[in-house]
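Trainee: I would like to go through the terms used for this model and see what stands behind each of them.
Mentor: Then ask, and each term will be set against its cut-off.

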Amino acid sequence: MKKLILILGDQLQEDSSALIDFNADHDEIIMIESSAEAEYVWSHKARIVLFLSAMRHFAEHLNKKGFPLSYYKENKQTIVDVLAQHIKKHSITHLICVEPGEVRLRDALMDLAHELSIHLELRPDTHFYCGTKEFSDWAGDKKELRLEYFYRYMRKKHQVLMQENGEPEGNCWNYDQENRKPYSKKGPGLIVEPLWFEPDSITKDVITYVEKEYEDHPGSLNQFKWPVTRQDALLALDHFIEHRLDHFGTHQDAMWTKTPFGWHSIISSSLNLKLISPKEVVQAALNKWERNPDLLSSIEGFIRQIVGWREFVRGIYYLDMPKMAIDNHYNHQRKLPKWYWTGDTKMACMKDAIDQTLEHGYAHHIQRLMITGNFALLAELVPQEVCAWYLAVYVDAIEWVELPNTAGMALFANGGRFTSKPYVASGAYVKRMSNYCQSCSYKSEVRYGEDACPMTTLYWNFLLKHQSSFEKNPRTKLMVVNLKKIAAEDQVLIAEHAEKILNDLEVV
Ligand SMILES: Cc1cc2nc3c(=O)[nH]c(=O)nc-3n(C[C@H](O)[C@H](O)[C@H](O)COP(=O)(O)OP(=O)(O)OC[C@H]3O[C@@H](n4cnc5c(N)ncnc54)[C@H](O)[C@@H]3O)c2cc1C
Ligand code: SF4
């Protein structure tokens, strides 16, 4: 029986479960470039180039290794339409694919198989530490899921940073106290640049194609130097481990103008395309720790992101879809301001985060969570528009990881299913963690009036509106105590000024 193996753009892994029993005598691989996929959200040009170039490199690799492969290049149709034609033409009866990272595509493949009466085998994604079934068993019927418990379960199960007596290394699960500091007042100092890769001929061809076909799409390709092969991704990982990981933890949450990458690893796109695996990333970090035991806090901070957050949000995505995509806990209905696509705003923090996003297709976690995400929540933006923006503008964006982070973590759209409080902060937080406020038209400490910082006004306004729920939550109670210290007449002026901002978000 001839089997057709569909490899999607984020499944570029030779040892994937879809290829485990591949027989070159009668099986065939299919890969499809689809402009319909690139346009399904208004994708950043760099995101499109990354996917297409990595796919072409992977196809070249498979060809060299003698895998029979049909590659559909620069196709205008949807993946499912091309697949349907191919299946009919070649009388395929058995289709195999690793479970897609997007429920929409999984459902479309299931519908197609049903329509064509073929056998569809959706195989588990062995890239991850934790399978979807294992996660749902762990979650059980818990109403609220918390990273900390899942992270400890994963550390114990996979014996990551564990002592023989069952205690965590250093007798502490979490080194956040030592991590997450701002840069010095003088600035970040000399940061070792991440390792970048000049585009080769395949990438250059894709860049030319994308500049022409996706001319109107957001973002720039001037800085496109992302790893597009497994070899490049491994080199980039190695470089991070050797030269940048030492400082990762300390400045994980720090922000500074014109410092787009800080000490972050910049490996999310390589991980999400499956060029490298989380296990090899964690092993590389553990090897470094063995040589440098004093780096425990930074290494634990890094490992927590991979073994903890990345696996956790994936588990929740499959558990909570499709509800997660439509949840709107606060019933927020305001439209995403147009300047999210241009960076044309007077707020220095938002401008810096959006400008670097458009330039590189990258912003680090705290920029995504506490700048663009925080504003979106405080400004009462409709979650679905905000999620579409995040899915479009980051090179690492794939729905299974983007949606829980945006809807769940940044926007509290699921009412705290896996976060113990809404992540809201005023300009005071931004001032503490960055130098953005120094060059801003607004003043972070001013709560209302022309000079008032919109983050600050909207923060207090948000607390005024949700005072009773914040008061009941031990993690947000203190915020209400501080709110109550503001004189009643000032609270009225804050609410009035906030209304003005909210009614004219385009000019803020
Ligand atoms: C609103 C919002 C949207 C996000 N959208 C995405 C997305 O589309 N794709 C994506 O990969 N990450 C997303 N994240 C998580 C995180 O911001 C990025 O993984 C990280 O910024 C990527 O940069 P890095 O590789 O330098 O990560 P580092 O800060 O160096 O962290 C190391 C790795 O840990 C993993 N990681 C860290 N935090 C998370 C997290 N919260 N969830 C999942 N994995 C995590 C990533 O694989 C990352 O490469 C989002 C976060 C927020 C708040
Ligand atoms: S003053 Fe407010 S808007 Fe300006 S950079 Fe600071 S936090 Fe952002």
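Trainee: How do H8 and H11 pack, and what is the angle between them?
Mentor: In this predicted model, the axes of H8 and H11 are 10 Å apart, and the angle is about 30°.

Trainee: Why is H8 called roughly parallel to H11?
Mentor: The angle of about 30° is set against a cut-off: angles under 35 degrees count as roughly parallel. Therefore H8 is roughly parallel to H11. Their crossing is right-handed.

Trainee: Which side chains of arginine 291 and glutamate 242 meet, and in what kind of contact?
Mentor: Arginine 291 and glutamate 242 meet through their side chains in a salt bridge, with 3.3 Å from N to O. A salt bridge needs a side-chain nitrogen of Lys or Arg within 4 Å of a carboxyl oxygen of Asp or Glu, so the pair at 3.3 Å qualifies.

Trainee: What makes this pair a tie between separate parts of the sequence?
Mentor: Arginine 291 belongs to helix H11 and glutamate 242 to helix H8 (residues 230–243), so the pair ties together parts that are 49 residues apart in sequence. Glutamate 242 has 35% relative accessibility and counts as partly exposed, because that term covers values between 20% and 50%.

Trainee: How do you know whether H5 is parallel or oblique to H6?
Mentor: The axes of H5 and helix H6 (residues 147–158) come within 12 Å and cross at roughly 125°. Roughly perpendicular covers 65 to 115, and roughly antiparallel starts over 145. The angle of roughly 125° fits neither, so H5 is oblique to H6. The crossing of H5 and H6 is right-handed.

Trainee: How many salt bridges does the structure hold?
Mentor: It holds 37 salt bridges. One of them joins the side chains of aspartate 125 and lysine 274, at 2.8 Å from N to O.

Trainee: What makes that pair a link between distant parts of the chain?
Mentor: The two residues are 149 residues apart. Aspartate 125 sits in the loop between strand S5 (119–123) and helix H5 (132–139), while lysine 274 sits in the loop between helix H10 (268–272) and helix H11 (278–291).

Trainee: Are aspartate 125 and lysine 274 buried or exposed, and why?
Mentor: Buried means under 20% relative accessible area. Aspartate 125 has 9% and lysine 274 has 5%, so both terms follow from the cut-off.

Trainee: Why is the contact of lysine 212 with glutamate 213 called a salt bridge?
Mentor: The side chains of lysine 212 and glutamate 213 meet at 3.9 Å, N to O. The limit is within 4 Å, so the pair counts.

Trainee: What are the terms for the accessibility of lysine 212 and of glutamate 213?
Mentor: Lysine 212 has a relative accessible area of 64%, and exposed means over 50%, so lysine 212 is exposed. Glutamate 213 has 32%, which lies between the two cut-offs, so glutamate 213 is partly exposed.

Trainee: Which residues are linked in a network of salt bridges?
Mentor: The network links Glu148, Arg152, Arg155, Glu300 and Arg304.

Trainee: Where does histidine 61 lie, and why is histidine 61 called partly exposed?
Mentor: Histidine 61 lies in helix H2 (residues 45–64). Its relative accessible area is 29%, so histidine 61 is neither under 20% nor over 50% and is partly exposed. Histidine 61 and threonine 229 are 168 residues apart in sequence and 9.4 Å apart in space, C-alpha to C-alpha.

Trainee: What is said about phi of isoleucine 266 and of glutamate 380?
Mentor: Isoleucine 266 has a phi near 60°, a positive value in a residue other than glycine. Glutamate 380 has a positive phi of about 60° and is not a glycine either. Isoleucine 266 is in the loop between helix H9 (245–248) and H10, and glutamate 380 is in the loop between helix H15 (365–378) and helix H16 (383–393).

Trainee: Why does isoleucine 266 count as buried?
Mentor: Isoleucine 266 has 7% relative accessibility, which is under 20%, so the term applies. Glutamate 380, at 7%, counts as buried by that cut-off.

Notes
Residues numbered from 1 in each chain as written. Chains lettered and ligands numbered in written order. Predicted model: local features only at pLDDT ≥ 70, side-chain atom pairs only at ≥ 80, totals over all residues. Heavy atoms only, no water. Helix = DSSP H or I, 4+ residues; strand = E, 2+ residues; numbered from the N terminus. Buried < 20%, exposed > 50% of the residue type's maximum accessible area, 1.4 Å probe, protein only. Axes fitted to C-alpha atoms, helices over the stretch in contact; angles between N-to-C directions. Left-handed = near helix turned anticlockwise from the far one by under 90°.
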